Amino acid sequence: MPKITRNTFDKVMIPCYKPFNCLIVKGKGSYLFDSCGNKYVDFTGGIAVNSLGHCNKGVQSVIKKQSKKLIHASNIFTNISTLTLAVKLTEHTDFSKVFFVNSGAEANEAALKLARRVAFNLYGETKDEIISFGHSFHGRTLFSVSVGGQDKYSDGFGPKPGAITHLPFNDIETFKKHISDKTCAVILEPIQGEGGIIEANPEFLKTVRELCTSHNALLIFDEVQTGVGRCGSFYAYQNTNVVPDILTSAKGLASGIPIGAVLTSDKIAEHFSPGTHGSTFGGNPLACAVGSYVVDTISKESFLNNVKEKGITLKQSLEKLKHKYGIFKEIRGKGLLLGAELNENLKDRAGEIQQICAKYGLFILTAGHGVLRFAPALNIKNKTIEEGIKLLDKALTEFTQD
Ligand SMILES: *Cc1c(COP(=O)(O)O)cnc(C)c1O
């Protein structure tokens with residue numbers, strides 16, 4: 001066995017990523033530690049995944065306990081762990097049926113297939129159009145990436161799946177003009193995450209909901225990033241004036257263990273029958289046991305109120321830095337999914353700021369074009385937020401010096 005270093009990545013990994021130069025060796029709460037001896041405040045939360053922080057004690061004990069009972073048996077059988085999480089998800093939402101997968105892309109893939117199948121069964125094969133929006137992100141399977149609103153991710157993998165229309169986000173008039181009886185589904189993120197923390201405005205959501213209903217099109221909310229407490233409500237739709245027909249969840253649902261879920265109604269669910277769709281790992285007992293622990297923890301009103309409060313604290317701190325440095329156009333987002341958009345002339349330099357932050361011991365994310373993104377663990381401590389903001393302050397001082 002050769003010594004494992006960062007160079008091993010370049011030798012043996014298909015180069016889809018360009019990771020940091022040191023290896024991450026340990027995580028604890030909202031801190032990460034690397035092989036070069038550095039400690040970091042983690043404002044990335046594993047890209048909105050580690051909802052309860054790194055190596056959470058409760059998560060550890062659930063994994064340990066479930067691993068002694070059953071880790072995987074396949075969907076030839078069902079089991080208490082999977083069904084328990086399904087029940088909990090229905091109890092905390094407006095939905096009554098669940099399908100489990102292992103990632104966000106798979107959840108959207110299943111949701112989109114379900115919407116096509118519903119339209120096919122009820123109205124025939126000409127009702128097949130899927131409408132999505134510019135800058136949206138729905139995952140990397142060929143279907144979900146083609147539905148996503150950023151061509152750069154789907155170009156070069158053609159032929160792409162057909163009957164997909166991209167419209168400008170939050171543009172009511174264009175949407176009104178375009179939707180028709182050919183439309184079978186509309187998919188959107190209540191707050192676009194990868195696209196740059198862009199909130200759907202309430203009037204837009206209301207119109208989309210009404211026109212979906214009148215055209216017999218299903219409304220799908222992709223809550224892979226906004227869900228499970230991230231924006232201060234259990235799901236973000238619960239803080240809007242609409243209820244979608246299908247909701248997809250993943251990322252933070254099991255605080256770091258791969259899982260995804262599709263939530264919908266009895267009426268829609270009945271269009272899938274044994275054999276029409278499936279997943280080998282979906283509903284994995286270990287992942288679902290952790291999912292139940294996460295749902296129990298996060299759905300508590302006190303926990304969600306805490307997320308809101310911490311979100312406000314972090315947002316106010318970012319506003320202060322906005323005033324201090326004058327390099328940001330806007331601070332936006334909800335709960336602990338926040339974005340700081342750089343001024344027009346600095347938009348290409350978000351990555352540079354991210355690098356400087358890392359040098360000072362702070363991990364942050366970027367999103368869209370020129371947006372710094374913050375998605376820390378939902379249970380991050382106030383003093384860790386403060387610590388991270390101090391590091392960001394230092395990094396911005398350096399950034400604005402040259
Ligand atoms: C991350 C993300 C996805 C894709 O999830 P994967 O687990 O990477 O497949 C889909 N939709 C949204 C909104 C996301 O943020």
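Trainee: Which ligand atom does the backbone of Phe137 lie 3.2 Å from?
Mentor: A nitrogen atom; the partner in Phe137 is a backbone N or O atom. That fits a polar contact (N or O atoms within 3.5 Å). This is a predicted model: local features need pLDDT of at least 70, side-chain atom pairs 80 or more, while totals for chains, interfaces and linings use all residues. Numbering runs from 1 along each chain as its sequence is written, and side-chain values use heavy atoms, without hydrogens or water.

Trainee: And what does Ala105 do?
Mentor: A polar backbone atom of Ala105 sits 2.7 Å from a ligand oxygen.

Trainee: Which atom of Lys251 lies 2.6 Å from a ligand oxygen?
Mentor: A polar side-chain atom of Lys251. Lys251 also has a positive phi, about 25°. Its place is the loop between strand E11 (246–249) and strand E12 (260–264); strands are DSSP runs of at least two residues, helices (H or I) of at least four, numbered from the N terminus.

Trainee: Who else is around the ligand?
Mentor: Among them are Ser103, Asn108, His138, Glu189 and Asp222. A residue is near with a heavy atom within 4 Å.

Trainee: Which helix gives the most to that shell?
Mentor: Helix H5 (residues 104–123), with 3 residues.

Trainee: New topic. Where is the cis peptide bond?
Mentor: Between Gly158 and Pro159, with omega about -5°. Pro159 is in the loop between helix H7 (151–154) and strand E6 (164–167).

Trainee: What about phi of Ile47?
Mentor: Near 60°, so positive in a non-glycine residue. Ile47 belongs to helix H2 (residues 45–48). Most residues other than glycine have a negative phi.

Definitions and conventions: A polar contact is a pair of N or O atoms within 3.5 Å; within protein, one must be able to donate a hydrogen and the other to accept it, and residues adjacent in sequence count only if both atoms are side-chain atoms.
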